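Trainee: Could we walk through this model together, one question at a time?
Mentor: Happily; here it is.

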Amino acid sequence: SLVNHNYKGEFIMELIFISGKSGVGKDTFIQGLDKSKYNIITPYTTRPMRDGEENGKEYNFITEDQLSKLIVKKNYPSSTEYKVANGDTWTYITFCGQYKDDMTNIIIATPEQIDEIKWYFNLSEESGDEIINIYLETPPTDRIIRMLKRTDNDIEKINEVIRRFNADEEDFKEFENSDSIKKVVSNYIYYKIDTKTFWGSQEILKYIEKQTPRYLPRETCAV
């Protein structure tokens with residue numbers, strides 16, 4: 001696994017983000033990981049479960065009432081709300097107790113969520129903190145076809161696919177404007193991986209370990 005001590009010999013937390021637009025293959029990436037070697041952080045969400053999903057696998061599905069009770073009891077590094085095509089609001093959230101000090105933590109996250117977690121753990125450019133982000137990409141035509149196949153010709157689901165597809169263009173524009181496979185963006189290192197020539201989860205992580213060891217300072221994180 002990635003080294004887990006900084007240059008001072010202090011114990012640190014290891015964290016890798018998986019990001020990419022809708023339909024790019026993030027869940028497939030996660031499913032290819034060795035669960036005994038990595039702590040896969042599964043976010044909680046209030047959105048409805050989709051066909052083929054399992055509670056606790058892609059997400060921990062909860063109600064708005066359950067969410068209200070959880071946020072009173074637990075600290076959370078990131079919480080994001082989306083107003084979807086039908087007017088509903090869906091929340092995606094992770095809780096502090098899901099992050100582990102003794103394993104490499106891996107989580108699917110948007111650029112906004114990455115920034116929230118950087119802020120929560122008090123990561124600063126001045127101290128030279130870096131975050132590894134594996135950015136998956138694939139041609140837009142392939143993405144929209146994958147997404148539409150999940151709708152079963154339901155108009156409401158199709159409208160939501162269109163909303164997500166267009167929103168992603170804005171959310172990920174900083175990544176799309178770079179041609180490099182490795183670049184420092186907003187003080188974290190990201191790797192662009194084309195899923196058309198997908199190496200597989202383990203191969204990608206082995207490549208990154210050789211390129212850039214990850215150092216993330218450990219912060220006190222109460223459950």
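Trainee: Which residues does glutamine 98 touch, not counting residues up to four places away in sequence?
Mentor: Before the answer, note that this is a predicted model, where local features need pLDDT of at least 70 and side-chain atom pairs count only at pLDDT 80 or more, while totals for chains, interfaces and linings use all residues. Residues are numbered from 1 along each chain as its sequence is written, and side-chain values use heavy atoms, with hydrogens and water left out. Glutamine 98 sits in the loop between β6 and β7 (104-108), helices (H or I, at least four residues) and strands (E, at least two) being DSSP runs numbered from the N terminus. Counting contact as heavy atoms within 4.5 Å, glutamine 98 touches Asn39, Ile41, Thr42, Tyr44, Asn60 and Asn105.

Trainee: Is glutamine 98 buried or exposed?
Mentor: Buried means under 20% relative accessible area, exposed over 50%, and partly exposed in between (1.4 Å probe, protein chains only). Glutamine 98 has a relative accessible area of 17%, so the label is buried.

Trainee: In what order do the four strands of the open sheet lie?
Mentor: Two strands pair if DSSP finds at least two bridges between them. β3 (residues 44-45) and β4 pair in the parallel sense over two bridges, whereas β5 (residues 78-83) and β6 (residues 89-94) are antiparallel over six bridges. β4 (60-61) and β5 each have a single partner strand, so they stand at the edges. The pairing is mixed, and the order is β4-β3-β6-β5.

Trainee: Which residue in the turn of the β5 and β6 hairpin has a positive phi?
Mentor: Within this strand pair, serine 79 has isoleucine 93 of β6 as its bridge partner. Five residues lie between the two strands of the hairpin, and the one with a positive phi, about 95°, is glycine 87.

Trainee: At what angle does helix α3 run to β5?
Mentor: Axes are lines fitted to C-alpha atoms, for helices over the stretch in contact, and angles run from 0 to 180 degrees between N-to-C directions. Helix α2 (residues 64-73) lies across β3, β4 and β6, at about 35° to β6. Helix α3 (residues 111-120) lies across β5 and β6, and its angle to β5 is about 150°.

Trainee: Which element gives the most residues to the largest nonpolar core?
Mentor: A nonpolar core is a set of buried Ala, Val, Leu, Ile, Met, Phe, Trp, Tyr and Cys residues joined through side-chain atoms within 4.5 Å. The largest has 15 residues, and those with the most contacts inside it include Ile18, Phe29 and Leu205. Elements supplying at least two residues each include β1 (12-19), α1 (26-31) and α7 (201-211). With three residues, the one that gives the most is β8.

Trainee: Why does the salt bridge of aspartate 168 and arginine 143 tie together parts apart in sequence, and how many residues apart are they?
Mentor: A salt bridge is a side-chain nitrogen of Lys or Arg within 4 Å of a carboxyl oxygen of Asp or Glu. In this pair the closest N and O atoms are 3.7 Å apart. Aspartate 168 lies in helix α5 (residues 155-171) and arginine 143 in helix α4 (residues 140-149), so the parts tied together are apart in sequence by 25 residues.

Trainee: Which residues are linked with Arg143 in a network of salt bridges?
Mentor: Arginine 143 is buried, at 2% relative accessible area. Its side chain also meets glutamate 169 in a salt bridge (3.8 Å, N to O), and glutamate 169 is partly exposed at 37%. The network links Arg143 with Lys21, Asp168 and Glu169.
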